[in-house]
Structures are given as structure tokens and as C-alpha cells.
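Welcome, and thanks for taking a look at this protein with us. Here is a short briefing to help you find your way around.

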Amino acid sequence: MAKIHAAVTGIHAWVPEYILTNKELEKMVDTTDEWITSRTGIKERHILRGVEQGTSVLGTQAVNGLLEKTGTKPEEIDMLICATVTPDMQFPATANIISHNCGIKNAFSFDMNAACSGLLYAIVTASKYIESGTHKKVIVVGADKMSSIVDYTDRSTCIIFGDGAGALLMEPVQDELGVMDAIMYSDGSGMPHLHQKAGGSSKPASHQTVDAREHFIYQEGQAVFKFAVTKMADVAVEIMKKNQLSSEDVAWLVPHQANLRIIEATAKRMGLEREKVMINIERYGNTTSSTIPLCLWEWEKQLRKGDNVILAAFGGGFTWGAVYLKWAYDPK
Ligand code: UT7
């Protein structure tokens with residue numbers, strides 16, 4: 001019997017309306033548009049505003065749009081994985097809330113926390129269920145309301161992050177399409193360099209933790225940069241070599257959008273020219289688990305059936321990895 005492959009068969013994304021520009025940030029912290037653009041490549045990011053509007057709001061929009069676009073009934077979905085580091089609540093899982101909001105009643109839904117690599121971890125997990133034959137229609141949604149954990153008095157982090165969500169439909173295919181290979185890594189020794197200090201079980205929320213601003217992202221930018229720029233490029237090159245792919249064979253690199261300099265270094269190591277690299281960091285910033293689906297969504301019309309696509313990410317944990325996809329459909 002032919003091996004079942006797990007393929008992405010649809011994609012949709014959603015960002016909130018409000019745009020926070022570099023000019024606006026200049027009024028909030030001691031920074032300049034020039035510094036942000038030259039160090040990160042970011043010009044603006046979308047922010048979800050309003051009271052009690054959590055990550056599920058973003059994820060619900062992306063998933064509802066995906067169901068509509070692909071003509072899929074919510075009852076047909078048998079699994080939903082939400083990659084996020086900004087869940088609505090510690091529990092229940094945001095995936096459960098999104099499924100409920102979207103009328104997805106026949107799925108088992110859970111969250112996956114792998115920070116900026118979350119979408120890749122979720123794709124790999126979903127693909128194993130599909131390849132085993134137990135699950136037929138799986139939604140992987142990356143959703144993060146990063147503005148909920150950004151300290152807008154800290155110029156070294158508040159310029160980076162934005163809010164957004166992107167959802168993929170994954171289904172079994174018999175052809176040599178879909179997820180061909182994946183290489184995933186994690187290394188917990190990276191924790192001191194990138195984390196959120198309080199609000200978890202080791203340091204529950206208290207007046208002191210709030211006063212000490214410990215519920216926000218803590219990042220040692222340079223240390224993370226050094227790891228990210230090396231590991232993301234290493235793993236992207238590793239997956240190319242493992243699958244005997246030359247730079248000519250690769251149609252697209254879809255990199256996590258953390259910093260334009262990291263993306264450019266990865267593309268260079270892979271021997272890819274700029275035209276083959278999906279980059280939209282200037283308009284969305286780093287939306288953590290949503291950067292990769294936001295790219296796929298914007299480039300969907302340029303993707304062709306059979307295209308060799310490499311997804312690559314690096315994030316908090318540390319976590320990193322690369323997924324090799326053969327794109328499964330032509331533009332509709
Ligand atoms: O997606 C998850 C993984 N995360 C990443 O991959 C992020 C990786 N790191 C980065 O992208 C970069 O390290 C940052 C964009 C966060 C920072 O860029 P950098 O080139 O590494 O800057 P730096 O932290 O070395 O800071 C250089 C200088 C410092 O001033 P002094 O000490 O040289 O006087 C900072 O205080 O730039 C200063 N600085 C700023 N200046 C203007 C830091 N943030 C700002 C700012 N505006 N927003």
C-alpha cells in the first residue's frame with residue numbers, strides 16, 4: 001500500500017486592524033524608526049485591542065476563514081492543534097476555546113508550546129496522526145497575542161512583537177506530496193536567555209511579581225540572536241543535505257520572521273536568492289507562532305503543486321527545526 005503523506009490543503013490568516021508603527025513607538029520609548037528598521041527590518045505590527053480579547057479571538061478568525069475558504073464543515077475536523085505561548089488562560093487550552101467558537105465538535109484539541117517554533121512542532125505532530133491513518137482533517141493554528149506579554153516601556157523587546165494568527169488544513173494524500181521530512185530540536189539550557197519570569201507554577205502571580213514587571217517577555221537579545229542565526233541556518237542546510245536538495249531544487253524558504261538579519265543569513269547559507277525567500281516582517285513584526293502561516297497565506301497564489309518548500313524556525317526554549325514540504329496544490 002502506498003504510504004500516506006500529510007499535506008497542507010488550505011491556508012488562511014488573520015491580523016487585527018490596529019497598526020502600531022515605528023513612528024508611534026518613537027513616542028513611547030527612546031528609539032527611532034531608523035534603529036528599528038536597520039536592526040530588525042520591522043516597520044509596523046498589528047495589535048489586538050479591546051477588553052478581554054485574547055489569543056482565541058485571533059485563532060477563531062483564522063480558523064473560521066479557513067473552514068469557509070476550503071468549504072470544510074466544522075464537524076469534519078477531527079483534530080485541532082493551537083501553537084501559542086500566549087494562551088487565553090493557563091487552562092483550559094486555547095485550542096478548546098477556538099474549536100468551541102468555530103463549532104468544531106468532533107475533534108480533540110490541544111495547545112502546543114514551542115514558542116516561535118510552535119507551528120513547526122504542530123505540523124510535525126499533526127502529520128504523524130495523519131500518516132498513521134487515524135486522522136483525516138486536522139487544523140494547525142498558530143495564534144499569538146504577543147502584545148499581552150510585551151512591556152511597552154522596554155525598548156529592546158516592544159519594537160519586535162506583533163499579534164496575528166494563521167491556520168493550515170492538513171489532510172492525507174497518496175501522492176509524493178506534503179510533509180516529506182522534518183528535523184526538530186530543543187535545548188532547555190536556553191531558558192535563561194528568553195522567558196517570562198512569573199505567572200507559572202514556579203513563580204505564581206503576586207503583587208511583587210507585578211511590581212517587578214515579571215509578567216512580560218524577558219529576552220537577552222544578543223545571546224538569542226547568536227543561537228538563532230546559527231541554529232536556524234544549520235537545520236535548514238541539514239534538511240537540504242539529508243534530502244539531496246540543491247539550492248536550485250528549493251522553490252521557497254519560509255523562515256520564522258524574528259529579525260531580517262537572521263532570515264538573510266539563513267538564505268545565504270542555503271544559497272538562495274532573495275526572490276525565493278518569503279519575507280513580510282516589515283508589516284507584521286515577530287508574531288511568534290503565526291509568522292510562517294502569515295507568509296504562506298500571502299504567497300499562496302505563487303505556490304505551485306510540487307514546489308519544494310522549506311519551513312525553518314528558531315524560538316524560546318530554545319526550540320528550532322525545519323520542515324520539508326512538497327506543496328500539494330496549485331492556486332485556486
Ligand atoms: O523569535 C524568537 C527568537 N528571538 C530572536 O530571534 C531575537 C534575536 N535578537 C535580535 O533580533 C536582536 O538582538 C535585537 C533586535 C533584539 C536587538 O538588536 P541588537 O543589534 O542585538 O542590539 P543590542 O541588544 O546589542 O543593543 C545595541 C544597542 C544597545 O545600546 P548600547 O548598550 O550599545 O549603548 C541597546 O541599549 O542598542 C540599544 N537598543 C536600542 N536603541 C534604540 C536596544 N533596543 C533599542 C531600540 N532603539 N529599540
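What span should the 14 residues of helix H5 (residues 118-131) have at 1.5 Å a residue, and how far apart are its end C-alpha atoms? The expected span is 20 Å, and the end C-alpha atoms are 20 Å apart, which agrees. That expected span is 1.5 Å times one less than the number of residues in the helix.

A word on the ground rules: this is a predicted model, in which local features need pLDDT of at least 70 and side-chain atom pairs count only at pLDDT 80 or more, while totals for chains, interfaces and linings use all residues. Residues are numbered from 1 along each chain as its sequence is written, and side-chain values use heavy atoms, with hydrogens and water left out.

**Domains**

- The domain assignment of the protein chain gives domain 1 (5-175) and domain 2 (180-326); such bounds come from an automatic or database domain assignment.
- The C-alpha centres of domain 1 and domain 2 lie 14 Å apart.
- Their contact (heavy atoms within 4.5 Å) takes 47 residues from domain 1 and 46 residues from domain 2.

**Nonpolar cores**

- A nonpolar core is a set of buried Ala, Val, Leu, Ile, Met, Phe, Trp, Tyr and Cys residues joined through side-chain atoms within 4.5 Å.
- Buried means under 20% relative accessible area, exposed means over 50%, and partly exposed is in between, using a 1.4 Å probe and protein chains only.
- The largest nonpolar core has 42 residues, and Ile217, Leu253, Met270, Ile310 and Phe314 are those with the most contacts inside it.
- Two or more residues of this core come from each of helix H8 (221-242), helix H9 (260-270), strand S12 (308-315) and strand S13 (319-326); H8 gives the most, with 8 residues.
- Both domains take part in this core, since it draws at least three residues from each of domain 1 (5-175) and domain 2 (180-326).
- Leaving aside neighbours within four places in sequence, Phe314 is in contact with ten residues' worth of partners listed here: Cys116, Ser117, Val224, Phe227, Ala228, Lys231, Met232, His256, Thr319 and Trp320.
- A second, separate core of 34 residues includes Ile123, Ile130, Val309 and Val323.**Strand S4 and its partners**

- Helices (H or I, at least four residues) and strands (E, at least two) are DSSP runs, numbered from the N terminus.
- In strand S4 (residues 79-83), 5 of the 5 residues are buried, so S4 is largely enclosed by the rest of the structure.
- Both faces of S4 are covered, with Met79, Ile81 and Ala83 buried on one side and Leu80 and Cys82 buried on the other.
- S4 and strand S5 (residues 108-112) run parallel and are joined by 5 bridges; two strands pair if DSSP finds at least two bridges between them.
- S4 also pairs with strand S6 (residues 138-145), in the parallel sense, over 5 bridges.
- Ile81 has Phe110 as its bridge partner in S5 and stands opposite Val140 in S6.
- Together, S4, helix H4 (residues 94-101) and S5 make a right-handed β-α-β unit; right-handed means that, with the strands pointing away from the viewer, the path from the first strand over the helix to the second runs clockwise.

**Helices H4 and H5**

- The buried residues in H4 are Thr94, Ala95, Ile97, Ile98 and Ser99, and what covers them includes helix H3 (55-70), S4, S5 and S6.
- After H4 comes Gly103, with a positive phi near 75 degrees.
- The buried residues in H5 are Gly118, Leu119, Leu120, Ala122, Ile123, Val124, Ala126, Ser127 and Ile130.
- Gly133, just after H5, takes a positive phi of about 90 degrees.

**Loops and backbone features**

- Most residues other than glycine have a negative phi, and most peptide bonds are trans.
- The peptide bond from Phe91 to Pro92 is cis, with omega near 0 degrees, and Pro92 lies in the loop between S4 and H4.
- Gly317 and Phe318 are joined by a cis peptide bond with omega of about -5 degrees; Phe318 is in the loop between S12 and S13.
- Glu52 is not a glycine, yet has a positive phi of about 50 degrees; Glu52 sits in the loop between strand S3 (44-46) and H3 and is exposed, with a relative accessible area of 77%.
- Arg213, also not a glycine, has a positive phi of about 55 degrees; Arg213 is in the loop between helix H7 (207-211) and strand S10 (217-219) and counts as partly exposed at 42% relative accessibility.
- Ser147, in the loop between S6 and helix H6 (155-158), is buried with a relative accessible area of 13%.
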